[in-house]
Structures are given as structure tokens and as C-alpha cells.
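Some labels for this structure call for a reason. The turns below set values against cut-offs.

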Amino acid sequence: MSTPIESPVAAARTPRPRAAWLARLRPSGRTLVIAGPYTWLLLFFFVPFLLVVKISFADMELGIPPYTELVTIDQGVVHVALQLSHYAFLLTDSLYFATYISSLQVAAVTTLLCLLIGYPMAYYIARSNESARNLLMMAVMLPFWTSFVIRVYAWIGILKNNGLLNNFLMSIGLIHTPIELYRTNIAVYIGMVYSYLPFLVMPLYAHLVKMDLRLLEAASDLGAKPWKVFTTITLPLSKNGVIAGCLLVFIPAVGEYVIPELLGGANTLMIGRVMWNEFFDNADWPMASAVACAMVVLLLVPMALFQHFQAKQLEEGRK
Amino acid sequence: MIRPNRTLQGLSLGLGFAFLYIPILSLIVYSFNDSQLVTVWTHFSTRWYAALLQDDELIAAAWLSLRVALLTAFASVIIGTWAGFVLARLGRFKGFTLYTAMINAPLVIPEVIQGISLLLLFVELEKFFGWPAGRGVFTIWIGHVMLCISYVAIIVQSRVRELNPSLEEAALDLGATPLKVFFTVTLPLISQALMAGWLLSFTLSIDDLVLSAFLSGPGSTTLPLVVFSRVRLGLNPEMNALATLFIAIVTIGVIAVNQVMLASQRRRLAVAT
């Protein structure tokens with residue numbers, strides 16, 4: 001009785017080690033499927049960033065490419081030349097220090113203002129009836145789909161000394177001389193809030209619309225005032241949306257170039273603008289690379305937070 | 001059901017949307033202004049639209065942007081869908097954290113950083129392999145694809161997660177190869193996410209300024225680069241006309257896409273009931 005059961009098992013056992021060994025050599029379909037996008041991302045995202053770190057230790061040079069080699073071999077001797085002066089300069093120069101502070105400050109104020117305008121918008125859109133909701137979200141998205149540069153440009157016409165806002169305020173007699181707005185930090189704030197607002201409203205809306213409204217009814221039935229319902233239920237439940245939205249605004253805002261360039265004055269210090277000028281105007285690629293590295297260091301904590309948050313959402317989706 | 005406070009609702013939505021739309025309306029209104037001075041209204045005219053049609057530099061740049069955007073949209077959907085599917089269906093693998101970080105980071109990282117890093121990659125590649133020779137449409141295209149695949153991957157992975165896995169399992173049980181299941185079962189089911197990803201990539205690409213500035217070479221100036229170099233010098237009524245055209249096209253496009261999506265949603269509901 002035992003033979004018919006035993007024999008196939010034995011037959012399967014003998015060739016198995018060799019097959020397993022071979023299988024390990026030949027990449028499985030699964031590995032190949034993963035390797036495709038993985039290689040792409042390594043080549044076009046990870047490696048380029050390592051190159052930035054590398055070039056930030058090079059020296060500027062006239063030529064193509066305009067930087068020196070870190071490692072040279074001369075008559076069998078390997079020379080390694082690391083130029084640390086860019087970093088020394090970044091750390092000691094007071095103008096650079098002011099730039100870091102001002103970039104972080106502009107981004108933080110922008111985020112806060114976006115939250116103050118965007119939270120009520122997202123909240124009330126989520127509480128509208130279903131047909132209005134889609135229309136309103138479409139209206140929030142529409143500016144985002146039109147040209148970014150042109151939307152920033154629109155504010156020049158509004159904020160200039162003889163622009164729409166000053167003309168309007170003077171015509172109603174509120175002011176007699178135009179307020180200086182264009183090419184100031186106020187203009188930068190307005191432009192930043194305007195451009196980044198949809199990025200905050202979208203994730204926030206997604207969280208608020210999913211909320212179980214019965215919880216609010218229960219609280220209200222139990223005698224909580226509307227403000228109390230909001231602070232004890234709605235706000236904590238939308239916490240993740242708030243964090244996601246704020247990070248989506250804050251991180252890119254730190255490195256913003258276009259808005260301070262078009263709306264800001266000469267004294268609007270933003271790190272993205274400084275990097276751009278080092279690269280395009282001074283053609284100092286190593287210095288620009290060093291500034292880019294400094295920017296990444298500045299953004300390390302918020303970026304890690306964003307990654308943590310996205311990973312958490314991924315895990316929740318998995319369950 | 002608790003009703004939101006009507007006054008507060010009207011106030012916050014009214015102010016919010018006024019903030020979002022007053023600049024756009026001002027662009028449109030002043031594009032029909034005859035005066036060279038953008039902020040002084042003289043009388044109605046369409047001269048800036050005529051000027052737009054004569055502007056060869058702008059038209060050439062627009063064609064280039066359109067070409068790059070189409071190439072980008074197709075490539076990003078292919079690579080992004082692949083990346084998003086790996087994220088959603090292949091579980092945890094070695095290097096998973098690095099993988100998710102490389103997908104998430106481009107969503108937020110300042111574009112100037114991505115611009116300089118890709119430029120350095122192309123410069124070093126050219127130094128060692130002689131390829132790509134100089135910068136142009138190809139380098140801009142790769143840059144834009146890098147910008148867009150993260151968005152596509154995120155859209156696709158969230159859609160794939162919503163799918164009922166038993167549909168794919170049934171096909172596998174009936175003897176289809178995994179690749180065949182992906183193309184005949186999974187892809188048709190996520191077609192709407194693919195369309196959303198395609199449209200998003202197209203707009204991100206046609207609108208991108210910073211990456212293009214780093215990755216373009218002589219003779220490959222995209223539309224945003226031309227627009228930026230002009231508005232940097234101050235107000236320019238021709239740009240108002242261009243903006244109005246942009247807004248008109250986008251509005252029509254968004255409404256059309258919305259109609260298509262609503263229609264297909266209704267059809268699905270009709271099939272389900």
C-alpha cells in the first residue's frame with residue numbers, strides 16, 4: 001500500500017536541489033517585474049542625486065563640463081581632490097544663513113495661510129450636497145490645470161503700483177497714494193498661497209468627505225455645541241489630511257524659484273532662487289550643487305515625515 | 001443630519017473662490033483691451049490675438065511643448081502604471097522602503113533639485129558614453145517623465161488596491177499566464193485611472209518650467225520658457241491673450257473629461273443594477 005504513495009515523493013525529492021539552485025540563478029518573473037521600475041528610478045532619481053553630492057566637492061573650471069574631476073590618475077598615482085570650500089562658505093556666510101531662515105519662514109507662513117483659507121474651503125465643499133461637491137472641486141482644480149507661470153503673472157497686473165488693486169482702492173477713496181506691493185515679500189506670499197492652495201485643499205477634502213457624519217450627529221445629539229463638535233471630532237479625524245496637505249505645500253515652497261523671481265524684490269531671499277542664480281548666472285555648477293545639498297538637508301525632516309505618512313497610508317490600504 | 005452654517009459656508013467659499021478666480025478673470029478681461037498698457041482700459045479689441053498668430057517664436061515653442069507633452073504622457077503612463085502595480089500587488093520585497101521613497105520624493109522635492117541632478121546625470125553620461133549628445137527634446141522628455149511617473153504610480157496603486165482580487169485569481173485559475181491576466185483583466189479595469197494619469201502627465205509636462213530650463217538646449221525652448229522670459233520683463237498684453245486661450249482650452253477639456261467620466265460611471269451603475 002505504501003509504494004504508490006512513496007514513489008512520487010521520492011521522485012520529486014531527488015532532482016529538487018539542482019532545480020532550486022538553477023531557479024535561483026535565473027531571475028523569477030516577480031524579480032523581473034520589480035526590477036523594471038526599480039532600475040528606472042535608481043538611474044534617473046537616485047544616481048543623479050549622488051552626482052549632485054559628488055559635484056558639490058568639485059571645483060569650478062572653464063570648460064565642458066565646467067567642473068573639475070574629483071579623482072585623477074597621473075603617472076600611476078591616484079589624486080583625490082575634494083573641494084570643501086563651498087560647504088565652508090555655505091555654513092559661514094551670513095547672507096546664506098539669512099536665505100535659509102527666510103526660505104523656511106516664507107514656506108511656513110505660506111503653509112499657515114493656505115491652511116487658514118483652505119481648511120474652511122475643503123470643509124464646506126465636503127459638506128455640500130453631492131452634485132455641488134464635484135462641481136466645486138472641479139473649480140478648485142481648474143486653476144491648477146492652467147499655466148502656472150501665467151497665473152503668477154496675473155498677479156503682477158493686480159499688485160503693481162498702477163495695477164488693479166491700487167486703482168480700485170484709490171477709486172473708492174480708501175488710500176490716496178498706491179501701496180507698494182509688487183516686488184515685495186507680501187506679493188511673494190500672495191503668489192505662493194495662490195499657487196499652492198489646491199495642493200492643500202485636495203488631500204484635505206479627500207479626508208473630510210470620507211468622514212462618517214453620524215459621529216457628528218451623535219455628538220450634537222448629546223448636546224455638544226457646533227464648535228465643540230468641530231474641535232473634538234472633525235479636526236482630529238482630519239489630522240492626516242492636514243499633515244499631508246501642509247507637507248505638500250511646505251516642502252516644494254522652500255525651494256520655490258518662479259514666484260519670488262516674478263513677484264519678489266531684490267531682497268526676497270529664497271534658496272531656490274540663490275541656487276538658480278549660482279547655476280545660470282554665475283555658471284558655478286559645484287556651488288549650485290552644494291546649495292542643492294544644503295536644501296535637501298534643510299528638507300530632510302519634512303521629507304522623512306512625508307515618506308512616513310505615505311507609507312502609513314500604503315499599509316492602511318493593504319489591510 | 002446636521003446642516004453646516006449657511007452664512008459661514010457662503011462666506012468662506014465665496015472668498016476662497018474669489019481669491020482663486022479674480023486673477024484669472026482679470027487676465028481674460030484685459031486680453032481684450034486695446035491699450036499697450038495692460039492695466040489701463042481703452043476699448044475692446046482682439047489685436048493681441050492677431051499678434052499671437054504672427055508670433056513665430058511662440059508658435060514654434062507651443063508645438064515643441066505639445067510634442068514633449070504627448071511623448072511624456074504616454075511614457076509616464078506606461079512606466080508609472082508598472083511602478084504603481086509593483087507597489088500595490090507585489091507585497092514587500094527587498095529594498096521596498098527605498099522604492100517607496102523614490103516614488104514619493106518626486107511629489108514634493110523642489111524642482112530645482114531634480115533639475116540640477118538630472119542635468120548632471122546627462123552631462124556625465126555624455127562625458128563617458130558620448131550619449132546623449134547635448135541637451136534637447138530627449139533630455140526634457142526624460143525629465144518630465146521623472147516628474148510624472150510618481151503621480152501616475154500613486155493614482156494606479158490606489159485604484160489597483162480597490163479591485164477585487166478574485167477577478168484576477170479566477171483568470172489565473174482558468175489557466176491564463178500572469179502577463180495575460182495583467183493585460184486582459186487588470187488593465188481594462190483600471191482604464192479610468194490610466195486616463196486620469198495620462199491627463200495629469202500631459203498638463204504637468206506642458207506646464208513645466210524649472211526642469212525644462214535645466215534640461216533644454218539651444219533650439220529646444222518650450223512654451224513656458226518663452227512665456228517666462230517675456231513676463232520677467234513685466235506686463236505684456238500678448239501673454240494675456242495666450243492665457244485666455246489656455247484657460248478656454250482647459251475649461252472645455254475639463255468639462256468634456258468630466259462628462260465622459262460621469263457617463264461611464266452611470267453606465268457601470270446601470271450594469272450593476
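Axes are lines fitted to C-alpha atoms, for helices over the stretch in contact, and angles run from 0 to 180 degrees between N-to-C directions. The model is predicted.

Q: What makes H9(A) roughly antiparallel to H12(A)?
A: The axes of H9(A) and H12(A), residues 239-254, come within 8 Å and cross at roughly 155°. Angles over 145 degrees count as roughly antiparallel, so H9(A) is roughly antiparallel to H12(A). The crossing of H9(A) past H12(A) is right-handed.

Q: Which residues make the contact of H9(A) with H12(A), and how many of them are nonpolar, polar or charged?
A: From H9(A), they include A:Met192, A:Tyr196, A:Phe199 and A:His207, and from H12(A), A:Asn240, A:Gly241, A:Val242 and A:Cys246 are among them. This contact has 14 nonpolar residues, four polar ones and no charged ones.

Q: Why is A:Asp212 called exposed?
A: A residue with 12 or fewer other C-beta atoms within 10 Å of its own is exposed. A:Asp212 has 10 C-beta neighbours inside 10 Å, and therefore counts as exposed. A:Asp212 sits in the loop between H9(A) (185-210) and H10(A) (213-221). Its C-alpha is 9.8 Å from that of A:Leu237, with the two positions 25 residues apart in sequence numbering.

Q: How many residues does each chain give to the contact between chain A and chain B, and which helix supplies the largest share on the side of chain B?
A: Chain A gives 77 residues and chain B gives 65 residues. On the side of chain B that touches chain A, H1(B) supplies the largest share, twelve residues. By class, that side has 48 nonpolar, twelve polar and five charged residues.

Note on methods: Residues numbered from 1 in each chain as written. Chains lettered and ligands numbered in written order. Predicted model: local features only at pLDDT ≥ 70, side-chain atom pairs only at ≥ 80, totals over all residues. Contact = placed C-beta atoms within 7 Å. Helix = DSSP H or I, 4+ residues; strand = E, 2+ residues; numbered from the N terminus. Nonpolar A, V, L, I, M, F, W, Y, C, P; charged D, E, K, R; others polar. Buried ≥ 20, exposed ≤ 12 C-beta atoms within 10 Å, placed from the backbone. Parallel < 35°, antiparallel > 145°, perpendicular 65-115°, else oblique. Left-handed = near helix turned anticlockwise from the far one by under 90°.
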